[in-house]
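The report below was prepared for a reader who wishes to go through the strands, loops and nonpolar cores of one protein. The sequence and the structure come before the discussion.

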Amino acid sequence: MYKYLRYIFLYIILLFHTACLFNNEKNAPIIYDGKYIELSNERIKFYLPHSFEKVSHNDYEKIIHKVEDTIKRDNLLKRFKNLKWSKGNVYFMIDTIYGNELNVKMMDYIPITKNDSKYVSSFLLQSCREISRLYNSECKRIASGFSDNNRTQLFKGVYEVNIDDENHFNTIYLITSNYKSFIVQFYSRFDEDFDPFIQKTIVQ
């Protein structure tokens with residue numbers, strides 16, 4: 001497994017998000033009623049709030065170009081291009097009301113264990129701290145855990161960075177199920193619990 005950790009870490013770095021796509025985000029509790037959004041090419045369905053919409057690569061890039069801060073915009077564009085052109089399909093979904101964002105990056109099938117998840121957790125915290133230093137800020141690990149029900153293995157990590165007096169939360173799930181592996185990353189300005197949605201994910 002260890003020879004695959006670098007592979008996993010690469011995608012984690014690509015997914016880490018510290019810039020806001022929306023200037024006016026609202027803080028509201030998540031309503032755990034939603035709809036399924038299907039990734040037909042992957043045969044995976046994600047259960048998400050009704051306000052989430054899947055956007056094409058072209059539309060996502062257009063949204064990035066609307067970000068006024070040039071440094072943030074350039075960082076988002078660089079991240080987008082790295083995700084788009086690196087190995088594995090990538091999908092973007094935007095919360096059109098509250099500004100939350102979901103990214104999905106497909107990988108080759110890699111089974112993970114609880115012991116592997118410890119390395120992933122440590123690397124994530126290290127990466128978060130390195131990114132936060134670029135903004136003269138600090139990274140906090142809010143949560144980290146691993147679960148395995150024989151069919152599905154899941155690692156979860158939640159990290160907070162404060163930039164320009166704004167909190168940024170990255171909730172990252174590394175999921176292996178039904179011989180498929182992928183990383184799901186929620187980005188939000190508020191500490192939200194996305195577990196009830198992830199638990200309803202369908203991997204065919």
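What follows describes a predicted model, beginning with a sheet and its edges, passing on to the nonpolar cores, and ending with single residues.

**Sheet**

Three strands make up an open sheet whose order is β1-β2-β10, and the pairing in this sheet is antiparallel. The edges are taken by β1 (34-39) and β10 (202-203), and because each of these has a single partner strand, one side of each is left without a neighbour in the sheet. Between β1 and β2 (residues 44-49) the antiparallel pairing runs over 6 bridges, and within it I37 stands opposite F46 of β2.

**Nonpolar cores**

F46 also appears in the largest nonpolar core, which has 20 residues and in which F46, M93, V104, F182, V184 and F186 touch the most other members. Two or more residues are given to this core by each of β1, β2, β4 (90-95), β5 (101-107), β8 and β9. Another core, of 15 residues, lies apart from the largest one, and L124, L125, C128 and I183 are among its members.

For F186, once the neighbours within four places in sequence are left aside, the residues in contact include L48, F52, L102, F169, Y173, F194 and I198, and the list of contacts of F186 also holds E101, N170 and T171.

**Single residues**

Where does T152 lie, and is T152 buried or exposed? T152 is found in strand β7, which covers residues 152-163, and with a relative accessible area of 19% T152 counts as buried, because the cut-off for that class is under 20%. The side chain of T152 is joined to that of S177 by a polar contact of 2.8 Å. Leaving aside neighbours within four places in sequence, T152 is in contact with S147, I175 and T176 as well as with S177.

Two residues that are not glycine have a positive phi, namely N150, at about 80°, and Y179, at about 65°. N150 belongs to the loop between β6 (139-148) and β7, whereas Y179 is placed in the loop between β8 (166-177) and β9 (180-188). Both N150 and Y179 are exposed, because their relative accessible areas, listed below, are over 50%.

| Residue | Relative accessible area |
|---|---|
| T152 | 19%, buried |
| N150 | 73%, exposed |
| Y179 | 66%, exposed |

Terms used. Residues numbered from 1 in each chain as written. Predicted model: local features only at pLDDT ≥ 70, side-chain atom pairs only at ≥ 80, totals over all residues. Heavy atoms only, no water. Helix = DSSP H or I, 4+ residues; strand = E, 2+ residues; numbered from the N terminus. Buried < 20%, exposed > 50% of the residue type's maximum accessible area, 1.4 Å probe, protein only. Polar contact = N/O pair within 3.5 Å; in protein donor to acceptor, adjacent residues only side chain to side chain. Contact = heavy atoms within 4.5 Å. Pairing = 2+ DSSP bridges. Core = buried A, V, L, I, M, F, W, Y, C linked by side-chain atoms within 4.5 Å.
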